[in-house]
Amino acid sequence: MPLSDFQAYLDRFALARQLKRQHHFYVGPTNSGKTYQALETLRKAESGVYLAPLRLLAMEVRDRLTQAGVPCNLVTGEERVMVPGAKHTASTIEMLRPDMQVDVAVIDEIQMLMDPDRGSAWTAALVGVPARQVFICGANSVTESCTRVLDALNEPYTLTHLQRMTPLMIEDASICGERYHAAKLRKVLQAGDAIIAFSRKDVLTLAARIRQWGFNVATIYGALSPEVRRGESARFANGEAQILIATDAIGMGLNLPIRRVIFANIHKFDGVAPRPLNATEMRQIAGRAGRHGLYETGYVTVLEDDEQWHLHEMLACDDTVAPFALPMAVSGGDIEVLSQRIPTWRLAECVEYLHTQYQRQSGVQAMQWQITSLQHQQALLIDETAPQMAMRDKYRLLCAPLAIQVPIARDYFVQCIQAIYQHQLRPLPMLPEWLKGQQAQYLEQAELICQHLSLYSWLGYQYPKIFPDRELVDVARKTLNAFISRALRVQAGYGKTQRETELMQQR
């Protein structure tokens, strides 16, 4: 990256550059107390901010500080809950305020720097959070990449390596042996088990089957709203549900009373193709077993013998990665300048240009632009829908929360772009009548409507005159969440899991 680009990026965070920031790394495996120690310092501070990877975690920390007598705001892309007189804020990391100085900042799950879509938000927090004391929590995998940037900034840091408070043991044998067999799984399931699958379909299918065996089940996956995930977590935590079926969403700081983690699969789809879990991912998930204070030991296993070797290898190896260039997000100003330099008023051409520059950059640099294929798809959609829209507005829409791979979500986004482009009022969508019942076949539709609400709420902060019903979102979301919670308890499954389908094909 040219020095001028690096300096221009740093200039976005003028307040952080004026402070004599001190950084404290708390790194180590799950169940080692990293975040707990940092939050204790945050609680005692005069002012502070907690930067979370998930809205759910921001909500949990807000509640935790409030219960400790510390007034705390909640700020995410979808909501602003401001408490009069509060000097603490819990927010999602994308909502970093580089212009609001605090005494203490906590950056959680720092290994998310490696995320191909969101990693740039952690770079911005590391470089730009305006706090005198910055606590950086997470796996040790990216520590060297972070310290290299801090050395370039001439900002001091300390490293504290923490160990697990309870041992984590790999069970001697897999659950099913050489081949998956539902009857074998049924015999060995115990209260406190968490089964990890990597698709919504597999989670729901496993949940339905295990419920038929007489267990109460809690389910957690990414398409569920934070409120529903929180409710399902609470059901498992208070013993109402004996078994948890979840995706890797539980690997992101959720504190759950898990005795044993069972991997139903060791592969996940990364947006292009299935791939084996890496060491950091496997450790984050497996490490949720054996919660300190509840269990003396945590256990982890897999369903089949041929996946046990990967589990052993990933948990035994060093999960640190070679230093890499930290990802940076472009700003609206960057896009405007670039569009005039090329020149073009097509956002997609700007994104393509930056992607080309990204590919040419050397991997030994401390920082580099982060451009993703999904951003390019979103840019094409914006250009096609609103070709003459101002570039700054196009960039703003590029930042909108959108599952662009989902056709219904993409279609709704197009309707919202058209409303902005044509300056037309867009009310909140009417909720369907079936929400008054508990028909499980509408579960996926309800999840999609929740995504529409999240986008509407986000756009309501950006364009309040176009999307005026933002304050009605909470009421609609409560209705949807109640329906989804009911549907999760009665859903009857969705056929065979991916693993069962693969086995049938092998036979």
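Let's start with overall size. This protein has 507 residues, and a compact globule of that length would have a radius of gyration near 23 Å. The protein has 23 Å, so the two agree. Keep in mind that this is a predicted model.

Now the dimensions. Along its principal axes, the C-alpha trace spans about 65 × 55 × 50 Å. The accessible surface comes to about 22,400 Å². Carbon and sulfur atoms account for 52% of that surface. What share of the residues is buried? The figure is 55% of the 507.

How does the chain connect to itself? Take the contacts between residues at least 6 apart in sequence. Of these, 77% join residues at least 24 apart.

On to secondary structure. The protein has 19 helices and 18 strands.

One sheet deserves a walk-through. It is an open sheet, built from 8 strands. Read across, the order is 4-3-5-2-6-7-1-8. The pairing is mixed. Which strands sit at the edges? They are strand 4, residues 80-81, and strand 8, residues 157-161. Each of them pairs on one side only.

A helix packs on this sheet as well. That is helix 6, residues 143-153. Helix 6 touches strand 1, residues 22-27, and also strand 8. The direction of helix 6 makes about 175 degrees with that of strand 1.

Now go to the other edge. Strand 4 pairs with strand 3, which covers residues 72-75. The sense is antiparallel, over 2 bridges. Within that pairing, Val75 stands opposite Arg80 of strand 4.

Next, the salt bridges. The count comes to 28. I'll show you three.

The first pair is Arg55 and Glu227. Their side chains meet at 2.5 Å, N to O. Where in the chain do the partners lie? Arg55 is in helix 4, residues 55-67, and Glu227 is in helix 9, residues 226-237. They are 172 residues apart, so this pair links distant parts of the chain. How covered are they? Arg55 has a relative accessible area of 9%, so Arg55 is buried. Glu227 comes to 25%, so Glu227 counts as partly exposed. The cut-off for buried is under 20%.

The second pair also uses helix 9. Here Glu232 forms a salt bridge with Arg489. The closest N and O atoms are 3.3 Å apart. Glu232 sits in helix 9, while Arg489 sits in helix 18, residues 473-490. The separation is 257 residues, and again distant parts of the chain are linked. Glu232 is at 2% relative accessibility and counts as buried. Arg489 is partly exposed, at 33%.

The third pair is Lys436 and Glu433. Their closest N and O atoms are 3.0 Å apart. Buried or exposed, Lys436? Exposed, at 68% relative accessibility. Glu433 is at 58% and counts as exposed too.

Some salt bridges share partners. Which residues do they join into one network? The members are Arg55, Glu78, Glu79, Glu227, Asp474 and Arg477. You have met two of these names already, in the pair of Arg55 and Glu227.

To recap, with the model on screen. Find the open sheet of 8 strands. Find helix 6, packed on that sheet. Then follow helix 9 to both Glu227 and Glu232. That's the tour.

Technical notes
Residues are numbered from 1 along each chain as its sequence is written. This is a predicted model: local features need pLDDT of at least 70, side-chain atom pairs count only at pLDDT 80 or more; totals for chains, interfaces and linings use all residues. Side-chain values use heavy atoms; hydrogens and water are left out. Two strands pair if DSSP finds at least two bridges between them. Helices (H or I, at least four residues) and strands (E, at least two) are DSSP runs, numbered from the N terminus. Contact means heavy atoms within 4.5 Å. Axes are lines fitted to C-alpha atoms, for helices over the stretch in contact, and angles run from 0 to 180 degrees between N-to-C directions. A salt bridge is a side-chain nitrogen of Lys or Arg within 4 Å of a carboxyl oxygen of Asp or Glu. Buried means under 20% relative accessible area, exposed over 50%, partly exposed in between (1.4 Å probe, protein chains only). The radius of gyration is taken over C-alpha atoms; the globule rule is 2.2 Å times the number of residues to the power 0.38. Accessible areas come from the Shrake-Rupley method with a 1.4 Å probe; for residues, only the protein chains shown count as cover.
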